[in-house]
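Hello,

Here is the structure I promised to pass on to you. Please open it beside this email, and then read on for what turned up.

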Amino acid sequence: MTVLTIIAMALVTYGTRISGYLLLRNRVLSAKALAVMEAAPGCVLISVIAPSFASKNPADLASLAVTLLAATRLPILATVTVGIASAALFRHLAT
């Protein structure tokens with residue numbers, strides 16, 4: 001189930017990124033509209049990890065903290081990679 005969630009998240013993220021450009025390719029967009037287009041994929045990822053804030057599992061909370069730190073310094077793909085790796089590591093160490 002986790003793998004399906006990751007695949008679905010990747011598809012939705014890619015879909016939001018590419019669909020805007022395909023639908024609006026012949027239009028001139030303002031700087032504000034471009035900023036919204038760039039932020040949409042990140043919003044999808046945030047909506048997936050947001051429930052982790054309510055978790056009581058220390059491994060999930062530690063992974064969330066590492067991911068949030070990575071998000072302040074790294075691009076989105078690297079942040080997702082760090083998040084997945086840290087979740088796997090912390091969950092492994094917790095068992």
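Let me start with one residue: Asp60 is buried, with a relative accessible area of 16%. Buried means under 20% relative accessible area, exposed means over 50%, and partly exposed is in between (1.4 Å probe, protein chains only). Before going further, a word on the source: this is a predicted model, where local features need pLDDT of at least 70 and side-chain atom pairs count only at pLDDT 80 or more, while totals for chains, interfaces and linings use all residues. Residues are numbered from 1 along each chain as its sequence is written, and side-chain values use heavy atoms, with hydrogens and water left out.

**Asp60 and its partner**

You will find Asp60 in helix H3. Leaving aside residues up to four places away in sequence, Asp60 touches Ser55 and Arg91; contact here means heavy atoms within 4.5 Å. With Arg91, the side chain of Asp60 forms a salt bridge at 2.9 Å, N to O. The term stands for a side-chain nitrogen of Lys or Arg within 4 Å of a carboxyl oxygen of Asp or Glu. This pair links distant parts of the chain, since Arg91 belongs to helix H4 (residues 76-94) and Asp60 to helix H3, 31 residues apart. How many salt bridges does the structure hold? It holds one. Arg91, with a relative accessibility of 43%, counts as partly exposed.

**The whole chain**

Now step back and look at the overall picture. The chain has four helices and zero strands, and its pattern along the sequence reads α-α-α-α. Helices (H or I, at least four residues) and strands (E, at least two) are DSSP runs, numbered from the N terminus. The radius of gyration is 16 Å, well over the 12 Å that the globule rule gives for 95 residues, so the chain is more spread out than a compact globule. That radius is taken over C-alpha atoms, and the globule rule is 2.2 Å times the number of residues to the power 0.38. Along the principal axes, the C-alpha atoms fill a box of roughly 55 × 25 × 20 Å. Of the 95 residues in the chain, 19% are buried. Among contacts with a separation of 6 or more, 50% come from residues 24 or more positions apart.

**Helix H3**

Helix H3 covers residues 58-71, which is 14 residues, and reaches 20 Å from its first C-alpha to its last, close to the 20 Å expected at 1.5 Å a residue. The expected span is 1.5 Å times one less than the number of residues in the helix. Which residues of H3 are buried? They are Ala59, Asp60, Ser63, Leu64, Thr67 and Ala70. These residues cover an arc of only 135° around the axis, which puts them on the same side of H3. The arc is that of the directions from the helix axis to the C-beta atoms. On the other side of H3, Pro58 and Leu69 are exposed. At the N-terminal end, Asn57 caps H3, with a side-chain oxygen 3.0 Å from the backbone nitrogen of Ala59.

**Helix H4 and its neighbour**

The 19 residues of H4 should span 27 Å at 1.5 Å a residue, and its end C-alpha atoms are indeed 27 Å apart. In H4, the buried residues are Thr79, Gly83, Ser86 and Ala87. Seen down the axis of H4, they fall within an arc of 105°, so they line one face of the helix. Leu77 and His92, on the other side of H4, are exposed. What covers the buried residues of H4 includes H3. Take Thr67 of H3 as a place to look: Thr67 is buried at a relative accessible area of 12%. Beyond residues up to four places away in sequence, Thr67 touches Thr79, Gly83 and Ser86.

**Two more places to visit**

Leu45 lies in helix H2 (residues 31-49) and is buried, with a relative accessible area of 12%. Not counting residues up to four places away in sequence, Leu45 touches Met9, Thr13, Ile76 and Val80. From C-alpha to C-alpha, Leu45 and Ile76 are 9.2 Å apart in space, with their positions 31 residues apart in sequence. Gly15 sits in helix H1 (residues 2-23) and is partly exposed, at 27% relative accessible area.

Enjoy exploring, and write back with any questions!

Technical notes: Polar contact = N/O pair within 3.5 Å; in protein donor to acceptor, adjacent residues only side chain to side chain.
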